Amino acid sequence: MKIQLKTLITLFLLLIIQTNTYSQDTLPNNEDIMMQDKMETIAEQADFDIDYSTLLENLNHYKENPLNLNSSSREELEQLGLLNDIQICSLLSHIHQYGNLLEIYELQSIDGFNLETILRILPYVKIGTNNPENTLSLKNIFKKEKQQLSLLTQKTLEQSAGYSTPYTQSELDANKRYLGSPYRLYTKYSLTFSDKINFGFTCNKDAGAQFFTGSNAVPRNSFQFYKGFDFYSAHLFYKGKGILKSFVLGDYEIRFGQGLVLSSGLSFSKTPDVLNSRRMGNNLVPYTATNANAFMRGAATTIGFHNIEFTSFYSYHKLDATVTVTDSTTNAPSIFSSLGTSGYHRTYKELAGKEAVGLTMFGGHIAYKTNNLNIGITSYHTQFDADYIRKTKPYNLFDFSGNMNNNYGIDYSYFFKNYSFFGEEARSNNGAMAYLNGILMSVDSRTTVTVLHRYYDKEYQALQSHGFSESSGTSNEEGIYIGISSNLNKHWTLSGYYDEFTFPWLKYLVNAPSSGYNYLVQLSYTPNKKVTMVLRYKSKLNQGNESGNIAPIDYLVNIKQSDLRWSVQDKISSYVTIADRVEVTQYVKEGQTTYHGYLIAQSLKFKIPKTKVTMDLLYALFDTDSYYARIYSSGSDIPNSFSIPSYYYQGSAYTIMMHYQVIKRITIWLRYSQTVYSNKQTISSGLDLINGNTKTDVSAELKFTF
């Protein structure tokens, strides 16, 4: 740890001093911090790059179209994704008993709401009258039509090994160079009518992928037709309150119950929002992200009669895959060993697996719904165009193989007084089961507790499931989760969770049944409407193979990771917001060296007076002993390119971002970010290897609103 002590002390004093002044103007956006915390949790557990667009899309929608708390139904409040069952029920009961809310801070008189909760939901809700529902007339369509077109480009300025020049065809053939340019290019268009109709398309070319050349050129008769972008997605979506609840044509995501049977896309499990253990929100939403393998493609609809709702869907989607055997006559894939997850098509090897295997899915979900009770049944069929036969390893002995699967499940939720019960029971085609059952209860007006138990058989197989879990899949796991949040008074909130889990069978790099636990304790302080401080400690213990073991049989050792974070956000004035963070981490593998890491970061967001320019600045110092002690930290990014970098080894990083509203209908974002390592002369590896200690990323986005 060689970061100068003087520099650390100076920065720390700045963090303390700046929190002592604040004024009486507009409020900070606390939910941005919570969402970043949630996505950092996903990033820590993921082993591939993630597109977070879908997770942010819901909140971006409510930023532009705030939800009216006075006229919202239980389902609409659940879809917001920021309130738990107890809070939703208390809010609806209060409005039913006392009438409409008059202003937002009236929420403080409702059980389960405090100032911290209000600040969290503030950017996405409003207090209004019960306006009549918009009608689908030509007059309203043209009157309330809204169109948006976003154009984005990104580039790393330093040349990596994959873009070296000059190069030879043999280097391309050997996958020693990327086929395309180092620019990422992205286009997104949407046309909406209120909350009812949405049409949109997304086009994306990753850095290294070809653009209007090579793999993105398709012969058509006697001339060459160029596809251009590497990935295209489009949808037409309708959402209403009549018999036809929703309809989507094109690309979409779908989820039922608690995600044990069917849940495409990303979802949260354990996060600092400790009571968020129950899956809530939309069953059917359009897909707007850019991962070519993480969505459904086809059509789906939900219709409702009184208390009955029925959703049916069909999807056929060509997925990236590693093909091992092809048909000698048709040259079509007959056996594949793995499915792609990254969505990258930058080399001949990656292109060889592009859209290699077709996946057909169809099925439905029927639900009975009342104000307090929701019971649903899900059933669907999965069919691959080829046989999925993995390379046999002890840890994947019970994973899915073949070309067909059927999944079934029953899900429920029931609210009674201050208790919310929820769960799902699922079965796969081989007879294996998965169970999840939980309860959320209000102990008193200040304290809420959730308890969740899960059991996923090692042989349970559901390729499109994302249940609450410690691992990335919904199989081979049993555990119990307890979360608690207590409003100590109107300024202080104490929350935390404890989760204990076991894995009855082997896992990757874990050659025996294993177990572990993790817990989080968080103290939040909100002295006023301008300042929020958080002190958080998180610890996790799991087991893995002993490194360097030369014995014929691997044995397990304990691995413990601990993290302590202090953060503060201060709205100093209507023009200036400062956020600070200090984080310390430790990684210990039994019998080996202990690794430590530190991060100190400060961000400044300010609006230049009498202009339409907003600036975001971030500076961070980091120092870790190893990659194992890495620290994930998100910051400001342009709208369609949210990323969560990990900081490790030793160095500093800074980001400068400008948001400029040129005119009412045109907005531009410019971002410059640089990381400088003080103890490394190369960055990354493979085709991403940079010879030097500096990595600089630039990006720009232009948005037109019509």
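**View 1. Asp251, a buried residue of strand 9, and its surroundings in the predicted model.** Asp251 counts as buried because its relative accessibility is 2%, which is under the 20% limit for that class. In this predicted model, Asp251 is found in strand 9, which covers residues 244–254. Leaving aside residues up to four places away in sequence, Asp251 touches Tyr232, Ser233, Ala234 and His235, together with Pro286, Tyr287, Phe295, Met296 and Arg297.

**View 2. The largest nonpolar core, with Phe313 and its contacts.** This core has 43 residues, and the members that touch the most other members are Tyr252, Ile254, Leu262, Phe313 and Phe384. Strand 16, residues 373–388, gives the largest share of the core, namely four residues. Phe313 has contacts with Tyr252, Ile254, Phe256 and Leu262, with Met296, Ala299 and Ala300, and also with Met361, Phe362, Gly363, Gly364 and Tyr380, when residues up to four places away in sequence are not counted. Met296 can be found in two of these views, since it is listed among the contacts of Phe313 and among those of Asp251. In soluble globular proteins, nonpolar side chains tend to be buried together.

**View 3. A second nonpolar core, separate from the largest one.** This core is made of 23 residues, among them Leu83, Ile104, Phe113 and Val125.

**View 4. A nonpolar patch on the surface, with Ile375 as one of its residues.** The patch is formed by Ile308, Phe310, Ile366, Tyr368, Ile375, Ile377 and Ile410, and its residues together have about 590 Å² of accessible area. Two or more residues of the patch come from each of strand 12 (308–319), strand 15 (357–369) and strand 16. Ile375, which is found in strand 16, counts as partly exposed because its relative accessible area is 38%, a value between the limits of 20% and 50%.

**View 5. Two buried cysteines, Cys89 and Cys203.** Cys89 is buried, with a relative accessible area of 18%, and Cys203 also counts as buried, at 7% relative accessibility. The count of disulfides comes to zero, where a pair of cysteine sulfur atoms would have to lie within 2.5 Å.

**View 6. The cis peptide bond between Thr165 and Pro166.** The peptide bond that joins Thr165 and Pro166 is cis, with omega at about -10°. Pro166 lies in a loop, which runs between strand 3 (145–156) and helix 8 (169–173).

**View 7. Positive phi values at Tyr649 and Ser684.** Tyr649 has a phi near 70°, a positive value in a residue other than glycine, and its place is in the loop between strand 30 (646–647) and strand 31 (650–663). With a relative accessible area of 27%, Tyr649 is partly exposed. Ser684 likewise is a residue other than glycine with a positive phi, here near 65°, and Ser684 lies in the loop between strand 33 (682–683) and strand 34 (690–691). At 43% relative accessibility, Ser684 counts as partly exposed.

**View 8. The chain as the setting for the close-ups, with nine helices and 35 strands.** The chain has 706 residues, of which 48% count as buried. Among its contacts between residues at least 6 apart in sequence, 62% join residues at least 24 apart. The chain exposes about 32,800 Å², and carbon and sulfur atoms supply 57% of this area.

Methods. Residues numbered from 1 in each chain as written. Predicted model: local features only at pLDDT ≥ 70, side-chain atom pairs only at ≥ 80, totals over all residues. Heavy atoms only, no water. Core = buried A, V, L, I, M, F, W, Y, C linked by side-chain atoms within 4.5 Å. Buried < 20%, exposed > 50% of the residue type's maximum accessible area, 1.4 Å probe, protein only. Contact = heavy atoms within 4.5 Å. Patch = residues over 30% accessible without salt bridge, like charges linked within 9 Å, V, L, I, M, F, W, Y side chains within 5 Å. Areas by Shrake-Rupley, 256 points an atom, 1.4 Å probe, with all protein chains shown as cover. Salt bridge = Lys/Arg side-chain N within 4 Å of Asp/Glu carboxyl O.
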